[in-house]
Amino acid sequence: MNLKKGQEVMAWIGSANRDENVFDKPDEFDIHRSSNHYLSFGAGVHFCLGSQLAKLEAKICMTEMLNALPNMRLNTTKQIRMIPSTLVYGYKELPVIVGS
């Protein structure tokens, strides 16, 4: 592929974390994935200094939420909607059922 002067290019960093050349099962969420060469916190001299704090906060939050809501499950009767954006990849909400 040849780029021409003035041609627009968009880098999708979210897709880099799903590279089949890096990850065995790139489309599966696996909290125990051992190959963690992801780009979420940057790389090299641009690596995020707060990455360890962010990971610790996420671990504490998820652990406490799952302990407090052990019966929480995905509400499969609701449609999961994506955020309509070319800059942010994610869901508008995650419908769950809490309780028995």
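Is serine 85 buried, exposed or partly exposed? Select serine 85: the residue is partly exposed, because its relative accessible area is 30%. (Buried means under 20% relative accessible area, exposed over 50%, and partly exposed in between, with a 1.4 Å probe and protein chains only.)

**Before you go on**

You are looking at a predicted model, where local features need pLDDT of at least 70 and side-chain atom pairs count only at pLDDT 80 or more, while totals for chains, interfaces and linings use all residues. Numbering runs from 1 along each chain as its sequence is written, and side-chain values use heavy atoms, with hydrogens and water left out.

Colour the chain by pLDDT, the predictor's confidence in each residue, from 0 to 100. The protein chain averages 85. A score of at least 70 is reached by 94% of the residues. Among the elements, E2 has the highest mean pLDDT, 94, and H1 the lowest, 68. Where pLDDT is low, the predicted coordinates should not be read in detail. Helices (H or I, at least four residues) and strands (E, at least two) are DSSP runs, numbered from the N terminus.

**Stop 1: the loop between E1 and E2**

Stay with serine 85, which sits in the loop between E1 and E2. Now add alanine 58, 27 residues apart from serine 85 along the chain. Their C-alpha atoms are separated by 24 Å.

Next, select asparagine 75. This residue is in the loop between strand E1 (73-74) and strand E2 (96-97). Asparagine 75 is buried, because its relative accessible area is 12%. Show its contacts (heavy atoms within 4.5 Å). Asparagine 75 touches Pro95, Val96 and Ile97, not counting residues up to four places away in sequence.

Step back to arginine 73, in strand E1. Arginine 73 is partly exposed, at 41% relative accessible area. Draw a distance from its C-alpha atom to that of isoleucine 60: the separation is 19 Å, for residues 13 apart along the chain.

**Stop 2: arginine 18**

Select arginine 18, in the loop between H1 and H2. With a relative accessible area of 36%, arginine 18 is partly exposed. Which residues does arginine 18 touch, not counting residues up to four places away in sequence? They are Phe23, Pro26, Asp27 and Tyr89. Add tyrosine 38, 20 residues apart from arginine 18 along the chain. The two C-alpha atoms are separated by 8.6 Å.

**Stop 3: the pockets**

Rolling a probe the size of a water molecule over the atoms shows where empty space is left. On a 1 Å grid over the protein atoms alone, a pocket is an open set of points with protein on both sides within 12 Å along at least five of seven lines, whereas a cavity is a set where a 1.4 Å probe fits but cannot get out; lining residues have an atom within 4 Å of a point. Grid points are joined across faces, edges and corners, and a volume is the space filled by probe spheres set on the points.

Select Asn17, Phe29, Arg33, Tyr38 and Ser40. Of the 33 residues lining the largest pocket, these lie nearest its centre. The volume of the largest pocket is about 1400 Å³. Helix H1 (13-16) and helix H2 (51-68) each supply at least two lining residues. H2 gives the most, with seven. The lining has 18 nonpolar, eight polar and seven charged residues. (Ala, Val, Leu, Ile, Met, Phe, Trp, Tyr, Cys and Pro count as nonpolar, Asp, Glu, Lys and Arg as charged, and the others, Gly among them, as polar.)

Move to the second largest pocket, with about 180 Å³ of space. Ten residues line it, and Asp24, Lys25, Asp30, Arg33 and Ser34 lie nearest its centre. Two of the lining residues are nonpolar, three polar and five charged.

**Stop 4: the cysteines**

How many disulfides are there? The count is zero, taking a disulfide as a pair of cysteine sulfur atoms within 2.5 Å. Select cysteine 48: its nearest cysteine sulfur, that of cysteine 61, is 18 Å away. That is too far for a bond. Cysteine 48 is partly exposed at 34% relative accessibility, and cysteine 61 is partly exposed at 47%.
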